[in-house]
Each structure stands twice: as structure tokens, then as C-alpha cells.
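This report examines a single protein model and describes what may be read from its atoms. Please view the structure below before continuing.

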Amino acid sequence: MKRTPDLSDRLKRLPGELLLALVNASALLVIIACILVIVMLNRVDHVGGRIAETVTEATLAKLEITPATLKERLKSVDARLEALLDRLEVADIREDKAIATQIAELNGNLKRLNSSAAIIGFCRS
């Protein structure tokens, strides 16, 4: 036969039940905090994307150019450089150090410009 718990039995179990309730409450608070962090990160990401889009649009408006036009111009500059390099190789002018230095600087500038245009294109899409 089962004995009904009296007040002393209930008082003995009270610290264990209180500890279990605290653990459950802490787990709920951690879950709520994680959900709030995810929501805030989503909002920050969304705002960051809007800021990047606004800055990109402002930059392109200031330059008065579209990404497609910029891409075409870069391709034409790249083609001109390739043609110039071919002519320089044929003319054997590459031995002139000043011209070689200028060509190297021009290639470096073109690479930086190309990467900047790629970033602008990526932010635009």
C-alpha cells in the first residue's frame, strides 16, 4: 500500500524540485536569447545589405555610369593593353626600363580597377 506524502516529505523534495525548476527556466532563457540573437543578426545583415546597396548606387550615380558600361570600358581597356603589349613585344621596346616600369604600374592599376569594378558589380546584384 502506498503512503501519502506528508508535509515533511514534500519539504525534503522541495530543494530538488526548485533546482529542476531553475534549470528549466535557465534553459528557456537561453533559448529565448538565442532566438533574439538570430533575429537581430538577420536585421543587421538586412540593414548592412541596404547600406551597401545605397552606397553602391550613390557611387555609380556620382560616376554617372552603369555597371554594364563600366564593365565594357574595362574590357576595352584590357583589350587595348593586350594589343599594346603585343606591339611592344614585336618592336622589342621592352628592354627600356622606364617603359617596362610604366607598363607594370598600368597593369597593377588595371587589376585594382578590375577588382573594384567586380566588387561594385557584386554589391549591385
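## A pair within one helix

Arg13 and Glu17 lie four residues apart in helix α1, so about one helical turn separates them. Their side chains meet in a salt bridge, with a distance of 3.6 Å from N to O. A search of the whole structure finds one salt bridge.

How exposed is each partner of this pair, Arg13 and Glu17? Arg13 has a relative accessible area of 43% and is therefore partly exposed. Glu17, with a relative accessible area of 44%, is partly exposed as well. Both values fall between the limits of 20% for buried and 50% for exposed.

## Overall architecture and confidence

The model is predicted. The protein chain contains three helices and zero strands, and along the sequence these elements follow the pattern α-α-α. Helix α1 covers residues 7–63, while α2 spans 67–91 and α3 spans 97–124.

The mean pLDDT of the protein chain is 81, and 89% of the residues reach 70 or more. Which helix has the highest confidence, and which has the lowest? Confidence is highest in helix α1, at a mean of 90, and lowest in α3, at a mean of 75. Where pLDDT is low, the predicted coordinates should not be read in detail.

## Surface and burial

The protein chain has 125 residues, and 10% of them count as buried. Its accessible surface comes to about 10700 Å². Carbon and sulfur atoms account for 65% of that surface.

## The largest pocket

Rolling a probe the size of a water molecule over the atoms shows where empty space is left. In this model, the largest pocket holds about 180 Å³ of space. Which helices supply at least two residues each to the lining of this pocket? Both α2 and α3 do so, and α2 gives the most, with six residues.

The lining consists of Lys71, Leu74, Lys75, Asp78, Leu81, Glu82, Asn107, Leu110, Lys111 and Asn114. By character, these residues divide into five charged, three nonpolar and two polar.

Lys75, one of the lining residues, is found in helix α2. Is Lys75 buried, partly exposed or exposed? Its relative accessibility is 47%, so Lys75 counts as partly exposed. Asn114 also belongs to the lining of the largest pocket. Along the chain, Lys75 and Asn114 are 39 residues apart, and their C-alpha atoms are separated by 9.2 Å.

Key: Residues numbered from 1 in each chain as written. Predicted model: local features only at pLDDT ≥ 70, side-chain atom pairs only at ≥ 80, totals over all residues. Heavy atoms only, no water. 1 Å grid on protein atoms, 1.4 Å probe; cavity = no way out; pocket = protein on both sides within 12 Å on 5 of 7 lines; lining within 4 Å. Points joined across faces, edges and corners; volume = space filled by probe spheres on them. Nonpolar A, V, L, I, M, F, W, Y, C, P; charged D, E, K, R; others polar. pLDDT = per-residue confidence, 0-100. Buried < 20%, exposed > 50% of the residue type's maximum accessible area, 1.4 Å probe, protein only. Areas by Shrake-Rupley, 256 points an atom, 1.4 Å probe, with all protein chains shown as cover. Salt bridge = Lys/Arg side-chain N within 4 Å of Asp/Glu carboxyl O.
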